[in-house]
Amino acid sequence: MHPQRKQRLMIIVFILIVAGLAAGLLGYALKENINLFYPPAEIVSGKAPVGKAIRAGGMVQEGSVQRASDSLKIRFVVTDYSAVVTVEYEGILPDLFAEGEGVVVSGKLAEDGVFYATEVLAKHDEKYMPPEVSAALEDSAAKRDMESASTAEQNISDPAPAEKAGL
């Protein structure tokens with residue numbers, strides 16, 4: 001092999017090794033900072049990782065907000081209408097935070113199933129719903145509709161006890 005060709009080949013191999021190393025380090029760094037979104041149904045079913053930074057969202061359940069009298073601690077329940085997750089947060093809540101409204105929380109899920117939030121985001125106007133929360137609520141509604149349809153089919157194929165008794 002000609003010396004000039006050998007030098008070019010070595011330069012190309014060196015560039016490829018450096019580019020591969022840079023891509024690997026970038027991937028590793030991004031893996032540590034990814035916050036995946038989980039609706040309450042997935043958290044309750046065990047699909048969400050425990051102890052890792054994640055985001056959760058849904059609607060704040062009516063009557064679930066409990067504020068500590070001596071600190072900024074607050075405890076509330078987030079629901080997608082098929083499952084609920086208890087959230088604890090210490091800090092100042094957004095002005096638009098309210099029961100029955102959409103919310104996205106960032107933090108970590110504990111072993112006991114409580115989500116310890118480090119950040120609470122509330123929707124910013126009456127018509128806006130975060131895309132993740134909207135999709136989670138639509139999925140939850142679709143599952144409920146399928147379950148109610150299958151229950152209705154079972155009721156049609158199995159007459160009610162009153163019908164069996166001839167009433």
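## Overall make-up

Of the 167 residues in the chain, 26% are buried, and these figures, like the others below, describe a predicted model. The chain exposes about 11,600 Å², of which carbon and sulfur atoms supply 58%.

The secondary structure amounts to four helices and seven strands, and their order along the sequence follows the pattern α-β-α-β-β-β-β-β-β-α-α. When contacts between residues at least 6 apart in sequence are considered, 52% of them join residues at least 24 apart.

## The annotated segment

An unreviewed UniProt entry carries the annotation "transmembrane region" for residues 9-30. In the predicted model, residues 9-30 are 100% helix and 0% strand, and the C-alpha atoms at the two ends of this stretch lie 32 Å apart.

## Strand 4 and its partners

Strand 4, which spans residues 73-79, is mostly covered, since five of its seven residues are buried. Among the strands that pair with strand 4 is strand 2 (residues 53-60), which runs antiparallel to strand 4 and is joined to it over two bridges; here Met-59 has Thr-79 of strand 4 as its bridge partner.

Strand 3, made of residues 66-67, also pairs with strand 4 in the antiparallel sense over two bridges, and Gln-66 stands opposite Arg-75 of strand 4. The connection between strand 3 and strand 4 is a hairpin that passes through five residues.

## The hairpin of strands 4 and 5

Strand 5 (residues 84-90) runs antiparallel to strand 4, and seven bridges join the two. Within this pairing, Phe-76 is found opposite Val-87 of strand 5. The hairpin formed by strand 4 and strand 5 has four residues between the strands, and in this hairpin Tyr-81 takes a positive phi near 70°.

## Leu-109 and its surroundings

Leu-109 belongs to strand 6, which covers residues 102-109. Is Leu-109 buried or exposed? Leu-109 counts as buried because its relative accessible area is 5%, where the cut-off for a buried residue is under 20%.

Leaving aside residues up to four places away in sequence, Leu-109 touches Ile-43, Ala-48, Pro-49, Val-50, Gly-51, Lys-52, Ile-54, Val-114 and Phe-115. One of these residues, Ile-54, is 55 residues from Leu-109 along the chain, yet the C-alpha atoms of the two are separated by 7.8 Å.

Terms used. Residues are numbered from 1 along each chain as its sequence is written. This is a predicted model: local features need pLDDT of at least 70, side-chain atom pairs count only at pLDDT 80 or more; totals for chains, interfaces and linings use all residues. Side-chain values use heavy atoms; hydrogens and water are left out. Buried means under 20% relative accessible area, exposed over 50%, partly exposed in between (1.4 Å probe, protein chains only). Contact means heavy atoms within 4.5 Å. Accessible areas come from the Shrake-Rupley method with a 1.4 Å probe; for residues, only the protein chains shown count as cover. UniProt positions are given in the numbering used here, feature names are shortened, and annotations may be inferred rather than shown by experiment. Two strands pair if DSSP finds at least two bridges between them.
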